[in-house]
Every structure is written in structure tokens, then in C-alpha cells.
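Please walk me through this model. Start with one strand, then turn to how far the prediction can be trusted.

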Amino acid sequence: MNANGGMSMANNFLVKFDVPGTGNLFAFYCDEAQLPNVNASTGTIKGRYMGEGQVNYPHTRIFTEMQLGFQCDASMTPLRFLNQWFGAIFTEYRGEDGDGVKEYYNSMDKSPGSTPADARKIERPSNRTVQLNYPDHYCRNIYVTKTELGTKRDGGLRTSMTYVMERAWPFAIDAVPLQFGSASITKVTAQFYYSKHRIVYHNPTDLSNMDMLPDYDDPDAPDWYRGGRQP
């Protein structure tokens with residue numbers, strides 16, 4: 001067991017979206033993720049040999065949806081991000097300007113003030129047009145990395161495998177429950193489709209770079225390493 005790095009704990013993982021500007025932001029907000037299952041559609045053959053029953057065979061690989069859950073801060077950052085992503089799929093526009101260029105609405109309106117009454121000052125025409133965007137405009141990769149606690153030389157984490165969900169997009173944002181009572185963190189859950197997934201394997205017991213990566217507290221470590229800078 002120790003030779004394989006010990007036991008894996010389900011509460012150590014990282015989630016990253018291949019969306020410019022997000023960085024590692026959702027590695028902190030995401031508190032629930034699912035590694036995709038493996039499934040196949042099958043057919044049957046009967047009467048291949050005398051006395052043999054039906055034989056199942058696989059013919060199509062199935063990629064089922066995945067679910068991610070997020071904890072929200074006071075600015076509701078994860079929910080705003082998901083709504084903006086979903087809004088990029090179904091873009092609303094008000095019409096065309098004098099040059100024939102379509103004028104689009106933002107996926108969310110910005111309130112002119114900080115009180116609930118300010119939201120009533122913003123209106124959109126009821127007959128506004130909705131246009132479906134091209135997949136290249138809203139499909140993004142999602143990376144779910146399974147990690148374990150590690151030494152400081154590894155940044156405190158050891159990586160075992162990364163699931164790469166290719167060309168993913170949110171098809172459902174679940175209802176966010178709000179209720180009076182004991183205080184609890186607001187959470188939002190979203191469902192994602194993706195074209196296919198692949199797995200990148202890491203060896204969490206690989207110590208080949210131990211000599212190159214001494215501890216931060218090691219007095220023999222070079223100055224650039226203790227300062228967190230590369231030479």
C-alpha cells in the first residue's frame with residue numbers, strides 16, 4: 001500500500017476550466033465533482049454456435065454527462081460564471097444598427113445601484129431575438145485532477161490522474177435553494193455534456209526529481225528556489 005502512495009482520499013481534487021481569465025479560481029470554489037464513468041452500448045448475437053445462448057458485443061462508446069458543484073462567495077461568482085457561459089450559447093440581440101451589424105445584449109444586466117429596487121429599472125423588450133451560437137464559441141475543456149496530500153517539495157500535492165473532458169458545455173444549471181434557518185453556504189450545481197474524455201496518468205510516487213526540488217526550508221537549497229523563482 002505504501003509503495004503505491006497510500007490510500008486515496010475523496011476530498012482532494014482540483015477542477016480547472018479552459019476559459020481565459022479563470023486561472024485556478026474554481027479549484028477553490030468547486031466542492032463536488034464526479035470522475036466520468038465508462039459505458040458502452042451493446043448488441044447481441046444469437047445462434048452463433050449450437051447450444052450457445054446470446055452473446056453481447058460492444059459497438060458504441062458512451063460519454064455520459066458530468067456534474068460539478070460549487071460553493072458561492074458573496075458575489076455569487078460561480079453562479080455568475082455559469083450563467084454567462086450558458087448565455088453564450090443562446091445569445092439575445094436587440095436588432096441591427098444602421099450599418100446592419102447585430103447589437104447583442106450581455107448575458108446578464110448590470111444593476112445601476114446596490115438596492116433590490118434598482119433591478120426593476122432595467123428592462124428588455126419581450127420580442128427580443130434569441131440566436132444559437134456555434135459550438136466553437138462556447139465549448140471548452142474541463143480538467144478534473146485527482147490529488148493527494150504531499151510534501152512541500154511537490155507544492156503540498158501529489159497528482160495521480162487527470163480527466164480531460166473535451167468540448168464541454170453546461171446544459172443545465174440546477175435550482176439554488178435559499179431558505180431561512182441556520183446559516184449555510186450557498187451552493188450551485190451544474191450538469192455538463194462533453195464530446196469525449198481522456199485520462200492523463202501521473203505517478204504520485206515518482207521521486208526522480210527529488211534532488212532537483214529540495215525543501216523550501218532546506219539550508220542547501222538555492223536562493224531562487226527558496227524565493228519561489230526559477231533561474
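**Strand 10 and the confidence of the model**

Ser160 lies in strand 10. The model is a predicted one. Ser160 has a relative accessible area of 17%. Buried means under 20%, so Ser160 counts as buried. Its contacts beyond four places in sequence are with Lys146, Val200, Tyr201, His202 and Pro204.

Leu157 belongs to strand 10 too, a strand that covers residues 157-173. The relative accessible area of Leu157 is 31%. Partly exposed is the range between under 20% and over 50%, so Leu157 is partly exposed. Leu157 also takes part in a nonpolar surface patch. Its partners there are Leu14 and Leu149. Together, Leu14, Leu149 and Leu157 have about 250 Å² of accessible area.

Now the confidence. The protein chain has an average pLDDT of 81. A score of at least 70 is reached by 81% of the residues. Among the elements, strand 11 (residues 187-193) has the highest mean pLDDT, at 94. Helix 4 (residues 223-226) has the lowest, at 47. Residues 210-216 have pLDDT below 50. In the model, this stretch makes 14 contacts beyond near neighbours in sequence. Residues 224-231 form another stretch with pLDDT under 50. Here the model has 12 contacts beyond four places in sequence.

Which residues share the nonpolar patch with Leu157? They are Leu14 and Leu149. Is Ser160 buried or exposed? Ser160 is buried.

Definitions and conventions. Residues are numbered from 1 along each chain as its sequence is written. This is a predicted model: local features need pLDDT of at least 70, side-chain atom pairs count only at pLDDT 80 or more; totals for chains, interfaces and linings use all residues. Side-chain values use heavy atoms; hydrogens and water are left out. Patches are made of residues with over 30% relative accessible area and no salt bridge: like charges are joined within 9 Å, nonpolar side chains (Val, Leu, Ile, Met, Phe, Trp, Tyr) within 5 Å. Accessible areas come from the Shrake-Rupley method with a 1.4 Å probe; for residues, only the protein chains shown count as cover. A salt bridge is a side-chain nitrogen of Lys or Arg within 4 Å of a carboxyl oxygen of Asp or Glu. Helices (H or I, at least four residues) and strands (E, at least two) are DSSP runs, numbered from the N terminus. Buried means under 20% relative accessible area, exposed over 50%, partly exposed in between (1.4 Å probe, protein chains only). Contact means heavy atoms within 4.5 Å. pLDDT is the predictor's confidence in each residue, from 0 to 100.
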